[in-house]
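Here are my notes on this one, in the order I would walk through the model with you. Have the viewer open as you read.

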Amino acid sequence: MATLAALTQSLSALALAGFGGVTLWLLLRPAARMAALMPAPRWLTIAAAGCALWCAALYRFAPGSSQALVVQSVRDLAMLGWLGATFWPTRAPMPGSLRLIFRMLATICVVTLVSGVAAHWRSDTAGEWLGPALGVSSMLVAVGGLLIVDGAVRRASAGLRMTVMAVAGGFAMLWAYELNLQLIGALTGTRASTLVSLLPAVALMLLPTFIIAAMDVGRERIRLSRAVTMRTMILLGAAAYLILIGLAGAFARLVGGNYGELAQGLFLIVALGAGGLLLLSARTRAWLSVMISKHVFEHRYDYRAEWMRFTATLAQGAKEDGGSDDRNLHRRVAKALAELTGSPGALLMLPDAQGAFRVAEQWHWPAGVEEEAALPLRSSFVLQETRHIVDLDAERRGRGQAGEDLAIPGWLLADHRAWVVVPVLHFQRMIAVAVLHRPPVSRALDWEDLDVLRIAGQQAASYLAESQSQAALSEAKRFDEFNRRFAFIMHDIKNLASQLSLLARNAERHADKPEFRADMVETLKISAGRLSDLLVRLSPRERRAADAGRALVEPLLKDVAAEVRTRRALFVGCQAGLAAWGDAGSIRQIVQHLVANAIDASPADTPVQLIAVAEHDRVRIDVIDQGAGMSGAFIRDELFKPFVSTKDGGFGLGAFEALQLAQAMGGAIDVASEPGKGSDFTLWLPLADTRVDAGTGEPIGKVA
């Protein structure tokens, strides 16, 4: 036992020197470099200092002493602080259940520290009665700490450097060892003195994880299995460990001597060493994954789950921070690409009018970005041609893509928050550029990251391209609507030009007649008014359907008759008080088209009738001529089609526009015609009210 005590003293001194030196080394490391390697470098230094203080207590008071257990609470507080700050930063708070466990553990540590210091301050013999309570608190903290490490590893297994995960594994190893020796003491009723004496050795096994975590090594990520398989493996491993350690103890008792505890201690150290080898060795993990079952995945990403989440984020407006649905596709693209790689934020750059890419949207990018930040044309051309996904850390170190100059702008290299540049390519055209924020623990990109980002970028590009196509289609529809209105207006202008030409020819013969001059002035006023109306109709804000209301029919018919007075005398008949529900201007325009077509289709000496009555709760307006008439096939197949006309120089839009206007007001147009017997165009419109006196409504006849 004297030899074991001397060995324990030497190991304690070595552990104290090691953790003290590591603490000083961490304090001297550049803050910026440490911040790039891990999210909470200060907490790693505090954890190293806490371990150094604990090793000092082991050296001064011996392992298992009440003083060492009191100082152990300081170490546990520092370790818990590092776990919380590393795996659950401010943007990703700890789940409620783990937060409760975390606070309980912190409370136990603080109570243990305060009560232990107070008890030893007042009495030198406090350890005799305080020891059992300290042992229970140590067991509780060990169990809770293992739960915290389990939650941390399951949450961060897809995003952290292996060396940072190794620190968490070291903490788990230390807590598991302490839990084992406390359980052995509780179950056997005797202190596992050998295991307690070997605590400094376990501390020395933890020391290298602090060193490699602060170095730029170990960027390969731990490849963990999926949840069900991993938990099954943990349960099987724990069961196998308990069975083997029990068999080792039974064999030692059969052999005889005092080697039982030593055998158990050596077995525990071997088991923990094997666990550490499994945690740190990629080759061992790969071999084990092949041997266990097909459910131990080799790949870093759970592709099915990641792709479903990625597609869901792109396809619909996911709720943003508990608020309303996010309908901004650009922000959703930035978010989807960032979440895929564990990045806390992202920028999305879109091309401007000159072709340079500028920041158009951001998702959780801290402190925003400068307005002049842009990807110049040369950089855009290079990224589009090479299609490279750029690891900015490699560019900063001068180890870019096979020595190629990707022309990355200086502002992007100077901003150490920027981690990866992802060109979003649609076929051969780059339609966007995503800049991903550095994750909590930085790492280098490997082939799997590059493949996932490349495919995800193509998928995001399809959504962006579809959105751009929809915007272009909407703009084309607006142009088409404008062109449609312009074609209709050109048709009306043609009719006005014909009317004014006829007026000019008549003026040559009748200009000396006062009554003709009066009619000519009236006709010019009407034509000027119609030209003004046509300009208003050309405006994109003009919407006649929105102006529907009660419109008296008789004044509209009289106005149309007055307009065509110089061309043809109309017989106008209208039921008294008849009112339609619609836009007065649209109704006038329909009647103008039908009357103009009737005049053009009939000989000059034949009358054109314009009659309006109420029938079946509808307004019926008939335009009747005695012209050449039309066949049934023409009426059915060609009359209301655009750009089909039987007149020389006709646009073929009058009947088509009239039908469109009528249908927009809930009306319709019927046609009755036979070749050689004239035509009857009937306009049906909604009746404004049913209070028209149909019995006494004597049609008003007027020859214009």
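A quick word on terms before the points: a cavity here is a set of grid points where a 1.4 Å probe fits but cannot get out. Bear in mind, too, that this is a predicted model.

1. Cavities. Searching the whole structure turns up four cavities of 30 Å³ or more. The second largest holds about 70 Å³ of space. Helices α4 (66-87), α5 (96-122) and α6 (126-156) are the elements that each give two or more residues to its lining.

2. Who lines that second cavity? The residues are Leu69, Gln72, Ser73, Asp76, Ile108, Cys109, Thr112, Leu134, Ser137, Ser138 and Val141. Sorted by class, the lining of the second largest cavity comes out as five nonpolar, five polar and one charged.

3. Aromatic pairs. There are seven of them in the structure. Take Trp82 and Phe87: the ring centres are 5.9 Å apart and the planes sit at 85°, so this pair is edge-to-face. Trp82 has 0% relative accessibility and counts as buried, and Phe87 is also buried, with a relative accessible area of 0%.

4. Trp82 again. Its ring also pairs with that of Phe171, edge-to-face, with 5.6 Å centre to centre and 85° between the planes. This contact links distant parts of the chain, as Trp82 is in helix α4 and Phe171 in helix α7 (residues 162-188), 89 residues apart. Both Trp82 and Phe171 are buried.

5. The wider cluster. Trp82, Phe87 and Phe171 belong to one aromatic cluster together with Phe19, Trp88, Trp175 and Phe210. As a separate item, have a look at Arg75, whose charged end sits over the ring of Trp54, 4.4 Å from the ring centre.

6. The six-stranded sheet. This is an open sheet with antiparallel pairing, in the order β3-β2-β1-β6-β5-β4. The edges are β3 (374-375) and β4 (390-391); each has a single partner strand, so one side of each is left without a neighbour in the sheet. Within the sheet, β1 (residues 346-351) and β6 (residues 429-437) run antiparallel and are joined by four bridges. To check the register, start from Ala346, whose bridge partner in β6 is Leu436.

7. Helix α23. Residues 654-664 make up this helix, which is mostly covered, with eight of its eleven residues buried. The buried set is Gly654, Ala655, Phe656, Glu657, Ala658, Leu659, Leu661 and Ala662; note that Glu657 is on that list. Just after α23, Gly666 takes a positive phi of about 80°.

8. Strand β13. How many of the residues in β13 (residues 679-686) are buried? Eight of its eight. Ser679, Phe681, Leu683 and Leu685 point one way, while Asp680, Thr682, Trp684 and Pro686 point the other way, and all are buried.

9. Partners of β13. Strand β11 (residues 618-625) pairs with β13 in the antiparallel sense over eight bridges, and Val619 has Leu685 as its bridge partner there. Strand β12 (residues 668-673) is also antiparallel to β13, over six bridges, with Ile669 opposite Leu683. The hairpin of β12 and β13 has five residues between the strands, and in this hairpin Gly676 takes a positive phi near 85°.

Notes: Residues numbered from 1 in each chain as written. Predicted model: local features only at pLDDT ≥ 70, side-chain atom pairs only at ≥ 80, totals over all residues. Heavy atoms only, no water. 1 Å grid on protein atoms, 1.4 Å probe; cavity = no way out; pocket = protein on both sides within 12 Å on 5 of 7 lines; lining within 4 Å. Points joined across faces, edges and corners; volume = space filled by probe spheres on them. Nonpolar A, V, L, I, M, F, W, Y, C, P; charged D, E, K, R; others polar. Phe/Tyr/Trp six-rings, centres within 6.5 Å; stacked < 30°, edge-to-face > 60°. Buried < 20%, exposed > 50% of the residue type's maximum accessible area, 1.4 Å probe, protein only. Lys NZ or Arg CZ within 6 Å of the ring centre and 35° of its normal. Pairing = 2+ DSSP bridges.
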